[in-house]
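Trainee: I am new to this structure and would like a close look at a single part of it. Please take one residue and work outward from there.

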Amino acid sequence: FALVRPPGHHATQKPVGFCYFNTVAITAKYLKKQRNLERIAIVDWDIHHGNGTQDLTFDDPNILYLSLH
């Protein structure tokens, strides 16, 4: 469990708004590759959708992204 702020959840391959790095997506990909975690769930609760995190994790069936906005 990690409580991360700011998540940078709008940043994709480039900065969007005030989000320069998508720390949640970077961490999820790091944990899969370096720590050999098989499945990861990201629960994003914010006032609006984290489109960057969705875009960066969409094609990985082992990362579940939930946005509660």
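Mentor: Take Tyr65 in this predicted model. Setting aside neighbours within four places in sequence, Tyr65 is in contact with Ile42, Asp44, His49, Gly50, Thr53, Gln54 and Thr57.

Two of the names in this part of the model recur in the largest nonpolar core, which consists of six residues: Val24, Ala28, Ile40, Ile42, Ile63 and Tyr65. Helix α1 (23-34) and the strands β1 and β2 each give two or more residues to this core. As a general point, nonpolar side chains in soluble globular proteins tend to be buried together.

The strands also serve the outside. A nonpolar patch on the surface is formed by Phe1, Leu3, Val43, Trp45, Leu64, Leu66 and Leu68, and their accessible area together is about 860 Å². Two elements, β1 (40-45) and β2 (63-68), each supply two or more of the patch residues. With three residues, β2 gives the most. One of the patch residues, Leu64, is placed in strand β2. Leu64 counts as partly exposed because its relative accessibility is 47%, and partly exposed covers values between 20% and 50%.

Just before β2 in the chain there is a loop worth a look. Asp60 sits in the loop between α2 (51-57) and β2, while Lys32 belongs to helix α1, 28 residues apart, so the pair they form links distant parts of the chain. Their side chains meet in a salt bridge, with 2.7 Å from N to O. The count of salt bridges in the model comes to one. Asp60 is buried, because its relative accessible area is 16% and the limit for buried is under 20%. Lys32, at 22%, is partly exposed. In general, side chains of opposite charge can pair when their charged atoms come close.

These pieces fit into the whole as follows. The protein has two helices and two strands, and from the N terminus the elements run α-β-α-β. Among contacts between residues at least 6 apart in sequence, 42% join residues at least 24 apart. Buried residues account for 32% of the 69 residues. The accessible surface of the protein is about 5,300 Å², with 60% of that belonging to carbon and sulfur atoms. The C-alpha trace spans about 30 × 25 × 20 Å along its principal axes. The radius of gyration is 11 Å, which agrees with the value near 11 Å for a compact globule of 69 residues.

How values were computed. Residues numbered from 1 in each chain as written. Predicted model: local features only at pLDDT ≥ 70, side-chain atom pairs only at ≥ 80, totals over all residues. Heavy atoms only, no water. Patch = residues over 30% accessible without salt bridge, like charges linked within 9 Å, V, L, I, M, F, W, Y side chains within 5 Å. Areas by Shrake-Rupley, 256 points an atom, 1.4 Å probe, with all protein chains shown as cover. Salt bridge = Lys/Arg side-chain N within 4 Å of Asp/Glu carboxyl O. Helix = DSSP H or I, 4+ residues; strand = E, 2+ residues; numbered from the N terminus. Buried < 20%, exposed > 50% of the residue type's maximum accessible area, 1.4 Å probe, protein only. Rg over C-alpha atoms; globule rule 2.2 N^0.38 Å. Contact = heavy atoms within 4.5 Å. Core = buried A, V, L, I, M, F, W, Y, C linked by side-chain atoms within 4.5 Å.
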